Amino acid sequence: MIDDLRETVCNLHAELVRYGLVVWTAGNVSGRVPGEDLFVIKPSGVSYDDLTPESIVVCDLDGNLVEGDLAPSSDTAAHAYVYRHMPEVNGVVHTHSTYASAWAARGEAIPCVLTAMADEFGGEIPVGPFALIGNDDIGKGIVETLTGHRSPAVLMQNHGVFTIGESPKAAVKAAVMCEDVARTVHISRQLGEPLPIAQSDIDSLYDRYQNVYGQRSHL
């Protein structure tokens with residue numbers, strides 16, 4: 001199970017590159033090991049081209065290295081805090097994607113002015129507090145901001161994007177969509193003031209996308 005998850009998480013890093021969400025080695029994906037107090041995460045400072053399933057490291061929920069020959073990501077403490085405090089989360093992603101990070105640099109939430117935002121995020125993409133890397137502070141900010149919020153993405157002030165999901169793939173999707181809407185809303189703001197969407201319509205769009213959109217099992 002851990003080997004399969006390592007392969008999945010390794011391959012998902014290629015999606016960060018493909019969608020232009022990361023540069024050099026800045027960014028990471030992690031995934032919770034089902035039924036265990038463990039998660040897997042990218043090793044620190046390793047090029048995406050050099051990542052292999054074997055290089056993905058295993059940590060416990062306190063962020064301690066359990067298995068692997070390389071040092072875990074510098075964001076490991078933040079990922080670990082999220083897994084400890086949000087048991088429904090099975091995947092976490094961090095990027096410094098350009099447009100979303102530009103909103104974070106201003107400490108400004110991305111307003112829900114697109115139906116795609118209502119679908120995916122259920123409202124605005126919120127801003128979390130400024131926090132220094134290396135301890136639980138970033139993780140605390142993520143959890144405090146996203147608890148009770150529909151959004152699977154948070155803009156950590158002056159830093160970048162963290163996303164959560166029911167799987168690593170879902171968290172990657174949220175990171176991709178976060179950057180996409182951040183770019184579109186930014187461009188809209190250059191042209192004028194974006195038009196708000198009524199809360200009742202946001203609620204309706206979110207419910208449809210989460211519960212009706214796509215293929216459904218008929219079992």
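# Close-up views of a predicted model

**View 1. The largest pocket and what lines it.** In this predicted model, 22 residues line the largest pocket, and those lying nearest its centre are Glu120, Gly165, Glu166, Ala170 and Gln210. Three elements each give two or more residues to this lining: strand 8 (160-165), helix 6 (168-191) and helix 7 (199-211). Helix 6 is the top contributor here, with four residues. The space inside comes to about 620 Å³. Sort the lining by class and you get 10 nonpolar, five polar and seven charged residues.

**View 2. The second largest pocket, where helix 6 turns up again.** This pocket has a volume of about 150 Å³. Its lining is made up of Leu12, Glu15, Arg18, Tyr19, Lys169, Val172, Lys173, Val176 and Met177. Helix 1 (2-18) and helix 6 are the elements that give two or more residues to it. Once more helix 6 gives the most, this time with five residues. As for class, five of the lining residues are nonpolar and four are charged, with no polar ones.

**View 3. A cavity inside the structure.** How do we find empty space in a protein in the first place? Rolling a probe the size of a water molecule over the atoms shows where space is left. Here the structure holds one cavity of 30 Å³ or more, and about 30 Å³ of space lies in it. Look for Ser74, Asp75, Ala77 and Ala78 in the lining, along with Leu132, Ile133, Gly134, Asn135 and Ile138. By class, that lining has five nonpolar, three polar and one charged residues.

**View 4. Strand 2 and its two neighbours.** Start with strand 1 (residues 28-32), which runs antiparallel to strand 2 and is joined to it by three bridges. Between these strands of the hairpin sit five residues, and Gly35 takes a positive phi near 75°. Now move on to strand 3 (residues 57-60): it also runs antiparallel to strand 2, and four bridges join the two. Phe39 makes a handy landmark, standing opposite Arg32 of strand 1 and opposite Cys59 of strand 3.

**View 5. Side chains of strand 2.** In a regular strand, the side chains alternate between the two faces of the sheet. Which residues of strand 2 (residues 38-41) point one way, and which the other? Leu38 and Val40 point one way, Phe39 and Ile41 point the other way, and all of them are buried.

**View 6. The largest nonpolar core.** Nonpolar side chains tend to be buried together in soluble globular proteins. The largest nonpolar core in this model has 22 residues, and Val82, Ile142 and Phe162 are the ones that touch the most other members. Strand 2, strand 3, helix 2 (76-85), helix 5 (137-146), strand 7 (153-156) and strand 8 each give two or more residues to this core. Helix 2 supplies the largest share, five residues.

**View 7. The annotated domain.** An unreviewed UniProt entry lists residues 7-186 as "domain: Class II aldolase/adducin N-terminal". Pick out the two ends of this span and you'll find their C-alpha atoms 35 Å apart. The stretch in between is a mix of elements: the span is 37% helix and 18% strand.

Methods: Residues are numbered from 1 along each chain as its sequence is written. This is a predicted model: local features need pLDDT of at least 70, side-chain atom pairs count only at pLDDT 80 or more; totals for chains, interfaces and linings use all residues. Side-chain values use heavy atoms; hydrogens and water are left out. On a 1 Å grid over the protein atoms alone, a cavity is a set of points where a 1.4 Å probe fits but cannot get out, and a pocket is an open set with protein on both sides within 12 Å along at least five of seven lines; lining residues have an atom within 4 Å of a point. Grid points are joined across faces, edges and corners, and a volume is the space filled by probe spheres set on the points. Ala, Val, Leu, Ile, Met, Phe, Trp, Tyr, Cys and Pro count as nonpolar, Asp, Glu, Lys and Arg as charged, and the others, Gly among them, as polar. UniProt positions are given in the numbering used here, feature names are shortened, and annotations may be inferred rather than shown by experiment. Buried means under 20% relative accessible area, exposed over 50%, partly exposed in between (1.4 Å probe, protein chains only). Two strands pair if DSSP finds at least two bridges between them. A nonpolar core is a set of buried Ala, Val, Leu, Ile, Met, Phe, Trp, Tyr and Cys residues joined through side-chain atoms within 4.5 Å.
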